[in-house]
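Colleague: I am new to reading protein models, and I learn best by staying with one part for a while. Please pick a strand, take me through it slowly, and then show me what surrounds it and what else is worth a look.

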Amino acid sequence: MPTILGQNQYGKAENRVVKITRDGATHHIKDLNVSVALSGDLDDVHLTGSNANCLPTDTTKNTVFAFAKEYGIESAEQFGIHLARHFVTSQEPIKKARIRIEEYAWERIASSDANSKFIGADEVNHSFVRKGQETRVSQITYDGEKWEVISGLKDLVVMNSTNSEFWGYIKDKYTTLQEAYDRILATQVSGRWRFNWTDDEQRMPNWERSYEQTRKHMLEAFSETYSYSLQQTLYQMATRIINHRSEIDEVRFSLPNKHHFLVDLEPFGLKNDNEVYYAADRMYGLIEATVLRDGATALIPVDMTNL
């Protein structure tokens, strides 16, 4: 039975590159996990085994490390743009490049005044601790003409210990959930936002500042929204981003509801006045939605598992 080759791509996944920038005695770290996917005129390598149009995945890996040295890593987005442009413009068979990047944040360890000096140096400016919260993510796609840049984060855990209610919902014979007028609202944020920068004629965003400000507005909205549902909070978080960041046209969030249930302490003769909770890690409600600037088209995949 005849077969037809469909969509295909290849590349080197999860290249772990750490770039140290030395500004005298003060060092700066960029810690990335870079995955490269290339597509184009690659039928022959599948159909006949001819590698004439195949840039080895080992070469793509080497390029990642070489570019870290040649161009530095100003931001995950800028680094991905350098790579995508290179693969598409330097290799005629390659028509499209997709670069996915995870960035792991480090923060400097502050030394005490009493112990901040040691033999051979005036200050300790090269010690870091890995941040234990979110992972920053980026996906940069280039087809030789148009760019698509999607940034975001995952695994950022946030909580409001009050100012959240949930009541007035549908009730049927299977409903056992009690209405809540003062509850904990917690979630582990996975969010992506798409930039409206699509070609080299446009002014490129300041990627680092954009991430910092987007994260700030997202957290402020979570904190400041008196919530009647996690859906409402999600919408406010995304709306705050779009209203404050003109470079972003689309935001998608996937928010698991990290349920906290009041523990029944009456068997022990104790009253639980919204003080002691059981934190359930599963099962959980999963709230997902896309919010768009008016007139924009939704392009972020509904399933963000591999984005």
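Modeller: Let's begin with strand S9, which is joined to strand S12 (residues 285-292) by eight bridges, the two running antiparallel. Strands here are DSSP runs of E with at least two residues, helices are runs of H or I with at least four, and both are numbered from the N terminus. Two strands count as paired if DSSP finds at least two bridges between them. Before going further, please keep in mind that this is a predicted model, in which local features need pLDDT of at least 70 and side-chain atom pairs count only at pLDDT 80 or more, while totals for chains, interfaces and linings use all residues. Residues are numbered from 1 along each chain as its sequence is written, and side-chain values use heavy atoms, with hydrogens and water left out.

Back to S9: Pro 256 stands opposite Leu 286 in S12. S9 also pairs with strand S8 (residues 185-195), again antiparallel, through seven bridges. There, Arg 194 has Glu 250 of S9 as its bridge partner. Ten of the ten residues of S9 are buried, so the strand is largely enclosed by the rest of the structure. Buried means under 20% relative accessible area, exposed means over 50%, and partly exposed lies in between (1.4 Å probe, protein chains only).

Now look at Asn 257, which belongs to S9 (residues 248-257). Asn 257 counts as buried because its relative accessible area is 9%. Leaving out residues up to four places away in sequence, Asn 257 touches Arg 183, Leu 185, Ala 186, Leu 230, Tyr 284 and Gly 285; contact here means heavy atoms within 4.5 Å.

Asn 257 also has a partner in the records: an unreviewed UniProt entry lists Thr 57 and Asn 257 under "binding site". These two are spread over 201 residues of sequence and also in space, with up to 39.8 Å between C-alpha atoms. Positions from UniProt follow the numbering used here, feature names are shortened, and annotations may be inferred rather than shown by experiment.

Thr 57 sits in helix H2 (residues 57-70) and is partly exposed, at 27% relative accessible area. Beyond its neighbours within four places in sequence, Thr 57 contacts Tyr 10, Gly 11 and Lys 12. The side chains of Thr 57 and Lys 12 share a polar contact of 3.3 Å, meaning N or O atoms within 3.5 Å, one able to donate a hydrogen and the other to accept it, with sequence neighbours counted only if both atoms are side-chain atoms.

Finally, a look at charges. Side chains of opposite charge can pair when their charged atoms come close. The whole structure holds 20 salt bridges, each being a side-chain nitrogen of Lys or Arg within 4 Å of a carboxyl oxygen of Asp or Glu. One of them links Lys 146 and Asp 199 at 3.7 Å, N to O. That pair ties together distant parts of the chain, 53 residues apart: Lys 146 in the loop between strands S6 (135-142) and S7 (147-160), and Asp 199 in the loop between S8 and helix H4 (207-224). Lys 146 is partly exposed at 44%, whereas Asp 199 is buried at 18%.

In H4, Lys 216 and Glu 220 form a salt bridge, with their closest N and O atoms 3.4 Å apart. Because they are four residues apart in this helix, about one helical turn separates them. Elsewhere, salt bridges with shared partners join Lys 30, Glu 77, Glu 103, Arg 136 and Glu 208 into one network.
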